[in-house]
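Please look over the sequence and the model shown here before reading the notes on its helices, strands and backbone. A short report on selected parts follows the display.

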Amino acid sequence: MTERFICIHGHFYQPPRESPWLEAIEIQDSAFPYHDWNERISAECYAANAVSRIWDTEGRIVELVNNYASISFNFGPTVLLWMQKYTPEVYEAILEADRLSMEKFSGHGSALAQAYNHMILPLANTRDRITQVIWGIKDFEYRFGRKPEGLWLPETAVDLESLDIMAQYDIRFAILSPSQARQVRPSGEQDWQDVSEGRIDPGMVYRISLPSGRDMALFFYDGTISRALAFERLLNNGETFAHRLMSAFPDDQSAPRLVHIATDGESYGHHHRGGDMALAHALRYIESNELAQLTNYGCYLEAHPPTHEVEIFENSSWSCAHGIERWKSDCGCNSGGYPGWNQSWRGPLRTALDWLRDAVNPAYEQLAGRFLTDPWAARDEYIDIIVDRSPERISAFLSRHAARPLSYEDEITILKLMELQRHAMLMYTSCGWFFDELSGIETIQIIQYAGRVLQLSDQLFTEAFEPGFLEHLELAKSNVPEHDNGRTIYEKFVRPAMLGLTAVGAHYAISSLFQGDGERKSIYAYSAIMESYRSFQAGGTKLVIGRAKITSQITRISTSLCFGVLHLGDHSIACGTGEFQGSKKYEAFLKEISDAFAGADFPKTILLLGKYFGTSTYSLTSLFADERRKVLNVIMEPTLEEAEAAYSSIYEHHAPLIRFLTGSGTPRPKLLSIAADFCLNAKLRKALQGEGLDPQVVIPLLEEARLAGATLDGTALGLLLATNIERLAETLLGQPDDLSLLEKLNKAAQLVQVLPFEVNLWKTQNICYNILHVCCSDLKAKADSGDENAREWLHNAKMLAENFRIQMPARLL
């Protein structure tokens, strides 16, 4: 076998986008048609690489492959935490890929760990570095069921202390950029060779000696090919990609040699559409033509231990030409999109966060020391709770670390302390400094983490830390005049986002108007139990009064709240919430406000909400974004139906004139254009959402839209149809021998072929591939024996393969 080895590493990571108070990502319209950017990038990249396509020369799917099983990869732990909940199939495929890679690469899994929340380790204090490494390792062990051999350094930012900590916890290797190597020498020799400016030979592994006496292996990826992949369209063609990798091998090679690259994993599908398929084809081309052996770092290291030593440039990284200045100063590294801006805010932002960390840590240590045998050891093990917040794991954690018997209130205090420390590390997530502006979403995100630290500090400690923090943050200046500085940004975007149990209770109360008594039991990171609920109605006006117990699933803190919500119709909603102060006061409140409502004295009802709840009053805008969107859709439904009827009437009455104007090239009055667009899109929506998906219905509507010159909302219509077809395919997967379902799916596929807009059939293709390759293995034999139903099924199965561009499996031919 050839002594040429190829390893492709993908660093798959997205910055955490979850609200520090909800522990969930609220809807992000910029990610449409997906709910948020995590969901979009997962679909375009993470899922795509788990089920990538190998095509034949006629553009048909020959095989679906899991790319992760043949490459080296790491996923950010915060991304995996999100995937486990929201895209479990993709999450399981990633774990399965690591198991498959162990079979493929002599027992070495391809997955690497990562320092937990992408903190720049050389800029962290020693305690945070240790926790970041421990959390990254333990999160990996929880998910992959084994110890990691390698650990990805965020932004490959490195210094000897960080490597030493990694080695202390049995990490065998790391991956760096070639520009981070300073000098090398053969093991046992005295003289060093200068390899600065990226001149190191990336074709071998090196050993670095560490201050503690430990050592570690370092791989330096091929910078030229990695840059070409990221920025030079190398992923446009899989064979071109393969040949570029092969070009790195010398013609006169005699010793074993490794060609390896490392890039952001999102290159394979998100940054470069179809990049996952280029990767799949490149891997297949290399293996099928025996050009080189695919390997991963652990496998290569075992077979080819280091023969050379290396020294590195400390405080260096792969994404800043100035070392690690990008995360602490105005070094000149930025996106290039705003040439008039500066990044002088980076230094004051880091100073403010360092001040906050150093201010709260002594208070943390003192208070936690009253309950825990070792507050910092407890923090290191808190990852056991982050990965699984089940009551059993929380109880086990508290039992291991408690210095004395704990009351329920003590347990809440400990969990708050742990959450304070979690957010005190999340606020150092590297993305907060990477981009151009202090008011950017990534930077606001880390300032919100600091806001959560301050909120918990107020609940735990007597000292107020917010004034000092804001004094430092104010020195960070925004490039956007209306945002001014860090203090202004904090007041605009952080303080309004802070939540307490009362605000969660208001959300629950308002939602109950539209969801029914007690339907909602979970609200993101909170649970709600309805303890009392009364509803009153007067025409189109509604009043609900109730009492509910709201509990944080993170810290276990809870409170019993009473509430009143008045809905005057449409978006006019007034809500008040407050702590339950006993049955007597609650009954008095219930009687007084319900009497006012019964007398149709709505102004008095609103005044009474103010009387009983003071400033704790809320409106529809107080709902969390996703729920607010749902409620507004319910509220707007009659209005939209009325508008649709009006526009449809205008269009139907004037359709001949609209077609004449379009056909004659005469500009149409705006009102008629809007009516045609509105009406015809509505008709198509109904047709594409229906069960029939009949081309005989849809095609005439498309022709009518063409004649009327209507502008179709292709994105929305395509999404509706894709979802409908996917649902039909899933039904068929559960009943694969149902001939009528198979015929419907074929008819739907034929419809897609005549549409003037794109329909994403990726998921449906995967399902159809499984139907053809896995299901109904006995039908071919039945068809050959003369079974007419089996013959008809086989005929339709061949049509299915043709319609969805899948190569017919040999077993059905």
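The report below takes up one helix, then a sheet, then a pair of helices, and ends with some backbone angles. The model is a predicted one.

**Helix α3**

Helix α3 covers residues 88-104, which is 17 residues, and its first and last C-alpha atoms lie 24 Å apart, close to the 24 Å expected at 1.5 Å a residue. Its buried residues are Val 90, Tyr 91, Ala 93, Ile 94, Leu 95, Ala 97, Asp 98 and Ser 101. In an α-helix there are 3.6 residues a turn, so residues three or four places apart point the same way. The partners against which the buried residues of α3 pack are the helices α1 (37-50), α2 (77-86) and α4 (126-144), together with the strands β4 (72-75) and β5 (111-114). After α3 comes Ser 106, whose phi is positive, near 55°.

**The six-stranded sheet**

Six strands make up an open sheet with mixed pairing, in the order β7-β11-β10-β14-β8-β9. At the edges are β7 (173-176) and β9, each of which pairs on one side only. Helix α5 (residues 160-168) packs on this sheet and touches β7, β10 (205-209), β11 (215-220) and β14, while its direction makes about 115° with that of β11.

Strand β8 (residues 181-186) shows how neighbours in this sheet are joined. With β14 (residues 308-312) it pairs in the antiparallel sense over five bridges, and with β9 (residues 193-194) the pairing of β8 is again antiparallel, over two bridges. Val 184 has a bridge partner in each of these strands, namely Val 310 in β14 and Gln 193 in β9. The strands β8 and β9 form a hairpin with six residues between them, and in its turn Gly 188 has a positive phi of about 90°.

**The pair α6 and α7**

How do helices α6 and α7 lie with respect to each other, roughly parallel or roughly antiparallel? Helix α6 (residues 223-231) packs with helix α7 (residues 238-246) at an angle of about 165°, and their axes are 10 Å apart. Because angles over 145 degrees count as roughly antiparallel, α6 is roughly antiparallel to α7. Their crossing is right-handed. On the α6 side the contact involves Thr 224, Ile 225, Ala 228 and Leu 229, which meet Phe 241, Arg 244 and Leu 245 of α7.

**Backbone angles in loops**

Most residues other than glycine have a negative phi, and most peptide bonds are trans. Against that background, the peptide bond from Phe 32 to Pro 33 is cis, with omega near 10°, and Pro 33 is placed in the loop between β1 (4-12) and α1. Two further residues, neither of them glycine, have a positive phi, and they are set out here.

| Residue | Phi | Loop | Relative accessible area |
|---|---|---|---|
| Glu 290 | near 50° | between α8 (275-288) and β13 (293-294) | 61% |
| Asp 570 | near 50° | between β18 (558-569) and β19 (572-579) | 49% |

Why does Glu 290 count as exposed? The cut-off for exposed is over 50% relative accessible area, and Glu 290 is therefore exposed with its value of 61%. Asp 570, at 49% relative accessibility, counts as partly exposed.

Technical notes:
Residues numbered from 1 in each chain as written. Predicted model: local features only at pLDDT ≥ 70, side-chain atom pairs only at ≥ 80, totals over all residues. Heavy atoms only, no water. Helix = DSSP H or I, 4+ residues; strand = E, 2+ residues; numbered from the N terminus. Expected span 1.5 Å × (residues − 1). Buried < 20%, exposed > 50% of the residue type's maximum accessible area, 1.4 Å probe, protein only. Contact = heavy atoms within 4.5 Å. Pairing = 2+ DSSP bridges. Axes fitted to C-alpha atoms, helices over the stretch in contact; angles between N-to-C directions. Parallel < 35°, antiparallel > 145°, perpendicular 65-115°, else oblique. Left-handed = near helix turned anticlockwise from the far one by under 90°.
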